[in-house]
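Here are some exercises to work through with the model open beside you. Try each task before you read its solution.

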Amino acid sequence: MIPLNKAEEFIKARLAERQATGAYRALKPESGLVDFCSNDYMGFARSSALKKLIDEEIQANKGSLNGSTGSRLLSGNTAYAEKLEQDIAAYHQSETGLMYNSGYDANVGLFSSLPQKGDTIIMDELAHASIIDGARLSFANRYNFRHNDLESLEEKLKHAKGNCYVVVESVYSMDGDTSPLREILELTELYSASLIVDEAHAVGIYKKGVVCKLGLESRVFARVVTFGKALGCHGAIVLGSTLLRPYLINFSRSFIYTTAAPFHQLASVKMAYELLGSADDEIEKLKDNIILFKKLLSGNKYFTLLTSDSAIQCVILGDNNKAREVGTKLRNAGLDVRPILSPTVPQGTERLRICLHAFNTIDEITLLADMLTKYNYAG
Ligand SMILES: Cc1ncc(COP(=O)(O)O)c(C=O)c1O
């Protein structure tokens, strides 16, 4: 047997560590089970109506290329992309928008380019990995404040230096709860800081997002909207002022140094927004499903259900192995529920993250609630 070199020894040891803590990750193909885990909250990814709209849009643009052929700054830009950005920005009541190939790219590109050495980024402790990674790539000072805690935020704001950016998610990806956006904005303004809101899990369910719902769009410095969740597509846009867009085009490396999205992706996004305009029934159905799920589990004695009014509902099991075990039992019963393990979430908060959808039936949700109660009782 050929002995392992140092790099391979390192890899082997790290993977063994993951196995030992029950945190080993592996890819799984589509399951065909009842979907309680995807971000396709409104069923757009599987919508035949959206597919038809996309097909028609592609047919109507026969001259479009298969690939974008380059970065937006070289050969990859089109009038279609620029018009789409303007339309999406207008929909969200923003001055401008700049598309990125994913929400991850958008956050990395925004936070790595905007805050400078001597500036300050203050983010909620539950901020998404893409926000953390972007901030890490900047040379700014970085601080966390306790989740949704205004006192903790103010404590950090008092010590902020340089330009200060406060970062929150309107709906948190791992806990499903919402941020007290109005109060956070007021505090941010009091300290002359700029608020940036990631609306990845809010747009669609709250139609234009929570910022628009609360009428705060002119006071929020920038927003990140992703297309891969309720819109059922892929990609993202940073919404902001007429100054922010050219700044990002000039300085945001995950925008500059990558091949632009191809036409068919842009067409999908355009049509998803068109469908969103008439998706009130899906939004109502999703809201009904959230109410039903919470009602069925209210008062249960066996586990903590995190407080959330969004499509993301979390059952805390507090241990990687337990979360895995209950997840496996649910999948064996035909329900696709995935455990979220540490280190993705803090130790002791390992959980089942249940995503509810407009297309989930009452029977499916009732079965899930029954199973959750049964397995935790048995366990
Ligand atoms: C809050 C938040 N922001 C950004 C992203 C990244 O978006 P994308 O999946 O489009 O890369 C995610 C995805 O999980 C997210 O939950």
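**Exercise 1: Around Ile 121**

Task: list what Ile 121 touches, not counting residues up to four places away in sequence.

Solution. Step one: with contact taken as heavy atoms within 4.5 Å, Ile 121 touches Phe 111, Pro 115, Ala 135, Ser 138, Ala 140, Asn 141, Arg 142, Tyr 143, Tyr 165 and Val 167, leaving out residues up to four places away in sequence. Step two: place Ile 121 in its element, strand E3; strands (E, at least two residues) and helices (H or I, at least four) are DSSP runs numbered from the N terminus. Step three: the relative accessibility of Ile 121 is 0%, so this residue counts as buried. Buried means under 20% relative accessible area, exposed over 50%, and partly exposed in between, with a 1.4 Å probe and protein chains only.

Before going on, a word about the source: this is a predicted model, where local features need pLDDT of at least 70 and side-chain atom pairs count only at pLDDT 80 or more, while totals for chains, interfaces and linings use all residues. Residues are numbered from 1 along each chain as its sequence is written, and side-chain values use heavy atoms, with hydrogens and water left out.

**Exercise 2: The setting of strand E5**

Task: explain why strand E5 is largely enclosed by the rest of the structure.

Solution. Step one: 6 of the 6 residues of E5 (residues 164–169) are buried, so the strand is largely enclosed by the rest of the structure. Step two: look at both faces, with buried Cys 164, Val 166 and Val 168 on one side and buried Tyr 165, Val 167 and Glu 169 on the other. Step three: find the partner strands, where a pair needs at least two DSSP bridges. E3 (residues 120–124) pairs with E5 in the parallel sense over 4 bridges, and E5 pairs with E6 (residues 194–198), also parallel, over 5 bridges. Step four: follow Val 167, which is the bridge partner of Met 123 and has Ile 196 as its bridge partner in E6.

**Exercise 3: A buried acid**

Task: which side chain of opposite charge is nearest to Asp 124, and how far away is it?

Solution. Step one: Asp 124 is found in strand E3. Step two: the nearest side chain of opposite charge is Arg 146, 9.8 Å away, and Asp 124 is buried yet has no salt bridge. A salt bridge is a side-chain nitrogen of Lys or Arg within 4 Å of a carboxyl oxygen of Asp or Glu. Step three: check the backbone, where the side chain of Asp 124 reaches the nitrogen of Asn 148 at 2.8 Å. Step four: take Asn 148 itself, which sits in the loop between strand E4 (141–145) and helix H6 (150–158) and has a positive phi of about 60 degrees although it is not a glycine.

**Exercise 4: Backbone exceptions**

Task: where is Lys 207 found, and what is its phi?

Solution. Step one: recall that most residues other than glycine have a negative phi, and most peptide bonds are trans. Step two: Lys 207 lies in the loop between E6 and helix H8 (210–213), and its phi is near 45 degrees, a positive value. Step three: Lys 207 has 23% relative accessibility, so it counts as partly exposed. Step four: for a cis example, go to the peptide bond from Ser 342 to Pro 343, with omega near 15 degrees; Pro 343 is found in the loop between E12 and E13.

Terms used: Lys, Arg positive; Asp, Glu negative; His and termini not counted. Polar contact = N/O pair within 3.5 Å; in protein donor to acceptor, adjacent residues only side chain to side chain.
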